[in-house]
Amino acid sequence: MEKIKSHQAVPEFFGDSAQEVAERAEEISKMTPCALIHPSDHPLLYLGHSTIVREIAEDLDPGVVPSLIVASCGGGGLVCSLVDGIRKQRWENQTKILVLETVGTRSFNEMVKAGGERVKLEKIDSVVTSLSVAQVNPRTAEVFLEAKPPLLSRLVTDAEAIAACAAFADDHRFLVGPACGTTLAALYERIVERVLTHNEEEHETIYDKRGHEEFRHSNDGPVVVIVCGGAEIDLNTLEMFKNQFNV
């Protein structure tokens with residue numbers, strides 16, 4: 001809240017999840033002349049975040065294409081943006097997106113299990129509030145079904161997300177929030193390794209969209225992990241989470 005105020009904004013504290021905040025913002029936009037940029041479903045959001053992929057391409061040597069881009073999902077804005085960026089680079093037949101959520105925020109995972117039909121979670125149970133969206137946006141379901149690039153859904157626990165935050169701080173002297181820890185847990189829990197070596201259990205792959213398993217391209221390019229977020233984290237908060245989950 002203090003960081004938001006430092007930019008001369010007037011914040012309103014509301015709700016317990018990103019979903020509730022978005023709904024409140026929509027209410028305010030109907031009462032007050034303003035511009036509403038939805039946190040997970042807006043053309044400007046997609047356009048801005050899609051430049052992440054362009055920056056990745058600029059950092060890589062010519063002809064090198066990532067085999068996997070790993071990111072977390074709340075409402076789906078980042079995932080859709082990555083899809084747009086990958087398509088602009090024409091990587092959709094060489095790069096997969098590995099989508100991470102916590103068990104308690106699994107709106108994307110439930111949509112995947114439903115074959116692309118959006119599912120609204122009855123209950124959100126996670127300390128990862130920035131991923132706490134009860135239902136992914138409609139475009140996320142569309143890009144999952146299109147599978148260009150393929151989207152793979154995997155889950156981690158809150159404890160694994162917090163442990164990843166702590167491990168990343170130790171390894172890189174860099175604090176990140178639990179949403180980013182959710183992404184990083186894909187590395188620390190060896191999910192990425194199992195995906196790349198096709199060494200996963202059936203329960204991990206059974207809901208992958210048909211055709212994903214056949215997408216065994218010969219691309220041995222680098223794995224890119226989106227390290228995002230952290231405005232809400234500090235040492236005291238991380239220590240509180242570590243004590244809460246005994247990590």
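## Helices H7 and H11

In this predicted model, H7 and H11 cross with a left-handed sense. The residues that touch are Asp-158, Ala-159, Ile-162, Cys-165 and Ala-166 on the H7 side, with Leu-238, Phe-241, Lys-242 and Phe-245 coming from H11. Sorted by character, that contact has 7 nonpolar residues, 2 charged and no polar ones.

As for the geometry, H7 spans residues 158-172 and H11 spans residues 235-245, and the two pack at about 135° with 10 Å between their axes. The pair therefore counts as oblique.

## Helices H3 and H4

Next up are H3 (residues 43-59) and H4 (residues 77-89), whose axes lie 7 Å apart at an angle of about 50°. That angle makes H3 oblique to H4. The handedness here is right-handed.

H3 brings Leu-45, Tyr-46, Leu-47, His-49, Ser-50, Ile-52, Val-53, Arg-54 and Ala-57 to the contact, while the H4 residues include Gly-77, Leu-78, Cys-80, Asp-84, Ile-86 and Lys-88. The split for this contact is 10 nonpolar, 6 polar and 3 charged.

## Strands S1 and S2

Which way do S1 and S2 pair, parallel or antiparallel? S1 (residues 68-72) runs parallel to S2, with 5 bridges between them. Leu-68 sits opposite Lys-96 of S2.

S2 covers residues 96-102, and 7 of its 7 residues are buried, so the rest of the structure largely encloses this strand. One way from S2 point Lys-96, Leu-98, Leu-100 and Thr-102; the other way point Ile-97, Val-99 and Glu-101, and all of these are buried.

How values were computed: Residues numbered from 1 in each chain as written. Predicted model: local features only at pLDDT ≥ 70, side-chain atom pairs only at ≥ 80, totals over all residues. Heavy atoms only, no water. Axes fitted to C-alpha atoms, helices over the stretch in contact; angles between N-to-C directions. Helix = DSSP H or I, 4+ residues; strand = E, 2+ residues; numbered from the N terminus. Parallel < 35°, antiparallel > 145°, perpendicular 65-115°, else oblique. Left-handed = near helix turned anticlockwise from the far one by under 90°. Contact = heavy atoms within 4.5 Å. Nonpolar A, V, L, I, M, F, W, Y, C, P; charged D, E, K, R; others polar. Buried < 20%, exposed > 50% of the residue type's maximum accessible area, 1.4 Å probe, protein only. Pairing = 2+ DSSP bridges.
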